[in-house]
Structures are given as structure tokens and as C-alpha cells.
Amino acid sequence: MARVTVDPSKPRPRRGFVVFKWSIYALLAGDVVLYSLYGRLTELIDTAAWLVLLMLFEWETGGWPLRARWIPALHGVRLLASIAVVIAVAGYALERVWLDFFNEMTWLGVVALLELEVRLPRGAVRLHRIRRAIAAALYVALVGFLLTWAVMGFGDENPQAAWLDTWDALLWLVAFVVIELNVFGARDAGARPRRTGLANAPR
């Protein structure tokens, strides 16, 4: 049976880093529960879909072994989650929740750049630098959205929702820093993350 295997020459990540990143992923799963209780339906669909895409990106960049026959099924799951993200983006626009809408569009930009990072040749140093500069600008914008929600938490009519959005935004920022470390760790080890593709990824 054909298998996708991990390169044995790739250094194993430190245990502390592994515990940390899975703690973040667990907290994001908890956010799905929180949005099911206190958020809007659009937010629930959005957060759940991004979590699925994040787990697929963790699989793609983290060097996980996987039977080849499972790959088409995972592509199907990726497609469904991507459709859910598009529905969420449309929902934010229809609801005129522009902060959420622009936050979502910024995240789509981050994921597009991560897709580019795992596909560019290692020798394309200039392109990698440009990608990272653009990614840094997008992360700064995401921090701006986070701070906006935090300020709203002190004076908004619904501070609970604003604080939930602030917490969620913080967790996603940390989660994608982890993904970036996965990507760059693979490059530093001379390996390339598998080219399975990630259509989209969060709030």
C-alpha cells in the first residue's frame, strides 16, 4: 500500500513546541463551541471552516504520514471547508459587518502567501523576501483588527461579542505563526512541505 512518509532526515520538533501548538489548536476548537453558544451563525460557519483548513495545513506542513488513498478524501474536505469560508465572506458582506469582512479578506491573503511559500523554489530568494514582506504587512493589519475589537470591548453595546472576537483573533494569529514555523522549519531542514494545496484558511 502506497504511503506518504515523513523524511527521516528532518529534525523532530521540540516537545515543548508540539505541546504549545496543539494547545493553541485545542483552544481554537473551544472557540467553535463558544461561537455556537454566543456568536452569529456566520461566525460559527467561518470559525469551524477555518479550523478544518488549519488542520489540513498542519498536516501539509508538519510532515505527517498519510496513506495515499486518503488524499482524495482530504481534498474533498478541503473543498467543502473552502466553500464554507466563501459563504461566510458573503454573509459578512450581506450583514454589513465590515470589520469581519476585511479581516477575512486579509486572512485569505495570508493563506495565499503561505501557499506561494511552499511552492516557490528554494533558490528564489528575492521572491521569498517579497512574500515575507507582504505577509508581515498583512499580519500587522490583522493585529490592527485585533486591537480594534479589544477597544470595542470597552465601549461597545455588546462587549461580550467584541471580547470573543478579540480572543479568537489572537488565537488565530498565534496559530498561523506556528504554521509559518512549520513551513520555515521544513525549509531549514532542506525538506519541502508536501504539495497537496490548501484552498483557503480564518477569522
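Which residue follows H3, and what sign does its phi have? Arg96 comes after H3, and its phi is positive, near 60°. Keep in mind while looking around that this is a predicted model.

**View 1. Helix H3, from its length to its buried residues.** H3 has 25 residues, which at 1.5 Å a residue should span 36 Å, and its end C-alpha atoms are indeed 36 Å apart, so the two agree. Plenty of this helix is tucked away: Ile71, Arg78, Ala81, Ser82, Ala84, Val85, Ala88, Val89, Gly91 and Tyr92 are buried.

**View 2. A nonpolar patch on the surface.** Here Leu41, Ile45, Leu79, Leu80, Ile83 and Ile87 make a nonpolar surface patch of about 590 Å². Helix H2 (41–61) and helix H3 (71–95) are the elements giving two or more residues to it. H3 brings the largest share, with 4 residues. Take Leu80, which sits in helix H3: its relative accessibility is 61%, so it counts as exposed.

**View 3. The largest nonpolar core.** Go inside and you meet a core of 38 residues, where Leu28, Trp50, Leu54, Trp107, Tyr139, Trp172 and Phe176 have the most contacts. At least two core residues come from each of helix H1 (15–38), H2, H3, helix H4 (98–119), helix H5 (125–155) and helix H6 (159–188). H6 gives the largest share, 8 residues. Look for Trp107, Tyr139, Trp172 and Phe176 again, as they form one aromatic cluster.

**View 4. Trp22 and Tyr25, an aromatic pair in helix H1.** The structure holds 8 aromatic pairs. In this one, Trp22 and Tyr25 meet edge-to-face, 5.0 Å centre to centre and with 85° between the planes. The two are 3 residues apart in helix H1, so about one helical turn separates them. Trp22 is partly exposed because its relative accessibility is 33%, while Tyr25, with a relative accessible area of 3%, is buried.

**View 5. Trp98 and Phe102, a tilted pair.** These rings lie 6.4 Å apart centre to centre, with 40° between the planes. Both residues belong to helix H4 and are 4 residues apart, about one turn of the helix. Trp98 has 39% relative accessibility and counts as partly exposed; Phe102, at 45%, is partly exposed too.

**View 6. Asn103, a buried residue of helix H4.** Asn103 lies in helix H4, and with a relative accessible area of just 1% this residue is buried. Now find Leu138: it is 35 residues from Asn103 along the chain, yet their C-alpha atoms are separated by 9.8 Å.

Terms used. Residues numbered from 1 in each chain as written. Predicted model: local features only at pLDDT ≥ 70, side-chain atom pairs only at ≥ 80, totals over all residues. Heavy atoms only, no water. Patch = residues over 30% accessible without salt bridge, like charges linked within 9 Å, V, L, I, M, F, W, Y side chains within 5 Å. Areas by Shrake-Rupley, 256 points an atom, 1.4 Å probe, with all protein chains shown as cover. Salt bridge = Lys/Arg side-chain N within 4 Å of Asp/Glu carboxyl O. Buried < 20%, exposed > 50% of the residue type's maximum accessible area, 1.4 Å probe, protein only. Core = buried A, V, L, I, M, F, W, Y, C linked by side-chain atoms within 4.5 Å. Expected span 1.5 Å × (residues − 1). Phe/Tyr/Trp six-rings, centres within 6.5 Å; stacked < 30°, edge-to-face > 60°.
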